[in-house]
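This briefing covers selected features of a single model. Topics are the surface, a charged pair and the packing of helices.

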Amino acid sequence: MKNEKLILGAIDYVFLGATLCVSAGIGLYFQMTSKKKTNEEYLLAGKNMSVFPVAFSLMATFMSSTNLMGVPAEMYLYGTNMVFMNFGFIIGPILVSHIFLPVYFVNNVSTAYELLFTAASLYAPALALSAVTNLSMKMSVIVIGAVCTFYCTLGGMKAVLWADVFQVILMYAALFSIIIKGLLLLGGFGNIFEIANEGGRLIIPRFTLDPEVHYSMFNVFAQGVIITMSLYAGSQIQVQRLMTLNSLNKSKM
């Protein structure tokens with residue numbers, strides 16, 4: 001049986017186009033309203049951002065397209081082991097806020113762009129766009145890259161942060177819509193967990209220090225800590241956003 005390709009309808013294209021236009025419009029807005037044209041204003045948003053847009057922007061960059069596509073497949077194959085990584089996600093940012101952020105603020109730094117990460121992050125959404133539209137992979141990369149470049153270049157870091165706020169609201173609204181739709185289709189949480197249990201996917205990682213096991217409570221927890229520390233302490237994507245705040249305490253928050 002030949003697989004049928006699902007293509008976006010007219011309403012989908014309207015929302016997709018509106019999303020791209022709003023993101024581009026945010027860049028144009030800050031280009032027109034920004035008074036200072038200094039490096040600090042452009043790269044660090046003048047270091048006068050509030051916690052709200054920075055927090056939402058961090059959410060947007062942490063929840064990458066590769067995570068959305070990869071984690072569900074991993075949990076489908078190997079069960080709920082990765083759920084326990086969230087304990088590490090709690091510890092990692094706390095360590096970063098007390099060890100790395102004070103150093104960054106004392107030296108007033110932001111890290112260099114990581115071109116490889118940027119390229120990988122652009123490829124995943126372009127792959128998704130080409131899968132549900134008639135656009136080729138090359139054209140999908142061009143469309144997404146052009147819009148992102150437009151609002152980043154015109155509006156600087158302020159545009160990036162507020163575009164992330166807009167995009168993360170759409171992203172999490174879509175995720176919760178999928179969750180709600182799944183609950184309605186399968187009859188609630190009870191049935192969902194029953195199906196997962198029958199399929200052998202409700203798993204608690206083993207408490208072992210054996211480095212050769214696929215999942216253990218130790219390596220899942222350690223992975224969560226290491227991932228969040230590497231992001232918030234060593235990735236330009238996150239550090240530059242954290243440096244847009246005017247105080248260490250706000251950045252820790």
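A nonpolar patch of about 680 Å² lies on the surface of this predicted model. Its members are F87, I90, I91, I94, L95, I99, F100 and F221. Helix α5, spanning residues 85-99, supplies the largest share of the patch, with six residues.

**Nonpolar surface patch**
- F87, one of the residues that make the patch, is found in helix α5.
- The relative accessibility of F87 is 49%, so this residue counts as partly exposed; the class of exposed residues begins over 50%.

**Salt bridge**
- The count of salt bridges in the model comes to one.
- The partners are R241 and D164, whose closest N and O atoms are 2.8 Å apart.
- This pair links distant parts of the chain, as R241 belongs to helix α11 (residues 236-242) and D164 to helix α8, with their positions 77 residues apart in numbering.
- Both R241 and D164 are buried, that is, under 20% relative accessible area.

**Packing of α1 and α8**
- Helix α8, which carries D164, covers residues 137-186 and packs with helix α1, residues 10-33.
- Their axes are 7 Å apart and meet at an angle of about 105°.
- Angles of 65 to 115 degrees count as roughly perpendicular, and α1 and α8 are therefore roughly perpendicular to each other.
- Sorted by class, the contact of α1 with α8 contains 16 nonpolar, six polar and one charged residues.

Terms used: Residues numbered from 1 in each chain as written. Predicted model: local features only at pLDDT ≥ 70, side-chain atom pairs only at ≥ 80, totals over all residues. Heavy atoms only, no water. Axes fitted to C-alpha atoms, helices over the stretch in contact; angles between N-to-C directions. Helix = DSSP H or I, 4+ residues; strand = E, 2+ residues; numbered from the N terminus. Parallel < 35°, antiparallel > 145°, perpendicular 65-115°, else oblique. Nonpolar A, V, L, I, M, F, W, Y, C, P; charged D, E, K, R; others polar. Salt bridge = Lys/Arg side-chain N within 4 Å of Asp/Glu carboxyl O. Buried < 20%, exposed > 50% of the residue type's maximum accessible area, 1.4 Å probe, protein only. Patch = residues over 30% accessible without salt bridge, like charges linked within 9 Å, V, L, I, M, F, W, Y side chains within 5 Å. Areas by Shrake-Rupley, 256 points an atom, 1.4 Å probe, with all protein chains shown as cover.
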